[in-house]
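Trainee: Could we go through this one together? I would like to see how each label is earned.
Mentor: Gladly, ask away.

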Amino acid sequence: MQVILRQLGDCNIRRAEGSDLIPVMEINLKTLPEHYSDYFYESLLAELPEAFIVAEIGGKHVGYIMCKTEYGFSNFKKLGFVKKGHVVSVAVLDEHRKKGIGKALVEESVKGVKSRKCDEFYLEVRCSNTEAVRLYEKLGFVIRQQLNAYYRDGEDAYLMAIELES
C-alpha cells in the first residue's frame with residue numbers, strides 16, 4: 001500500500017516498494033557512475049524501508065534515496081561507538097532537479113533513520129558536486145573528512161554527517 005509522505009506540487013514522495021526497484025535502478029544508471037546489483041537494492045529495501053524513498057510525478061519515477069544502518073565510530077564524539085544511518089545513494093533525474101525533490105528525499109530519509117534510533121546520519125559526496133554539498137549543508141550536515149580517491153574514477157569525496165536528536 002502506497003502511503004504518500006509528502007507532496008511537492010505534482011510530485012509525490014513516498015516509501016519504496018518492491019515494484020519500485022527497477023525504476024530506481026534505471027534512474028541510477030542514467031544519473032550516477034556507481035551501480036549496484038539487483039540483490040543490493042532488494043537488501044536495502046528489506047533492511048531499512050523507512051529510509052528507501054522514491055519521488056514520482058504522474059506515476060513516473062524521478063528520484064530516489066536508499067540508506068542502511070550500521071554501527072561504527074562516531075563522526076562527532078572522540079570515543080563513541082554509535083548506530084548510524086548511511087545514505088548509500090540518492091539521485092534525481094536531470095530534468096527534475098532544482099525543484100526541492102532532492103531536499104525532500106533527504107529530509108524524509110532522516111525521519112526514517114531517526115525512527116530506527118540512529119544517533120547520526122552520514123553520506124559521501126563528490127567534492128566537485130558543489131550543489132549537493134550546499135544542499136546537505138543547508139540540511140545541517142557538516143563536512144567531517146575528505147576521503148582521497150574515494151570514487152572508482154579517483155575523485156575525492158567529502159564525508160558529511162549530522163547528529164540526530166532522539
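Trainee: Why is His61 called buried?
Mentor: Bear in mind that this is a predicted model. His61 has a relative accessibility of 11%, and buried means under 20%, so His61 counts as buried. His61 is found in strand 4, residues 60-73.

Trainee: What makes the pairing of the His61 and Asp20 side chains a polar contact?
Mentor: The distance given for the two side chains is 2.7 Å, and the cut-off for such a pair of N or O atoms is within 3.5 Å. One atom must also be able to donate a hydrogen and the other to accept it.

Trainee: Which residues are in contact with His61, leaving aside neighbours within four places in sequence?
Mentor: Asp20 appears again, along with Arg14, Pro23, Ile27, Val54, Ala55, Glu56 and Leu93. Pro23 and Ile27 are also among the buried residues of helix 1 (residues 21-31).

Trainee: What covers the buried residues of helix 1?
Mentor: The cover includes strand 4, together with helix 2 (38-47), strand 3 (53-57) and strand 5 (81-92).

Trainee: How many residues are in the largest nonpolar core, and which have the most contacts inside it?
Mentor: That core has 45 residues, and those with the most contacts inside it are Ile13, Phe52, Ile101, Leu105, Phe121, Tyr136 and Phe141. Helix 3 (residues 101-115) gives the largest share, six residues.

Trainee: What makes the set that includes Tyr122 and Tyr151 a core?
Mentor: A core needs buried residues of nonpolar kinds, Tyr, Leu and Ala among them, joined through side-chain atoms within 4.5 Å. This second, separate core has six residues, including Tyr122, Tyr151, Leu159 and Ala161.

Technical notes:
Residues numbered from 1 in each chain as written. Predicted model: local features only at pLDDT ≥ 70, side-chain atom pairs only at ≥ 80, totals over all residues. Heavy atoms only, no water. Helix = DSSP H or I, 4+ residues; strand = E, 2+ residues; numbered from the N terminus. Buried < 20%, exposed > 50% of the residue type's maximum accessible area, 1.4 Å probe, protein only. Contact = heavy atoms within 4.5 Å.
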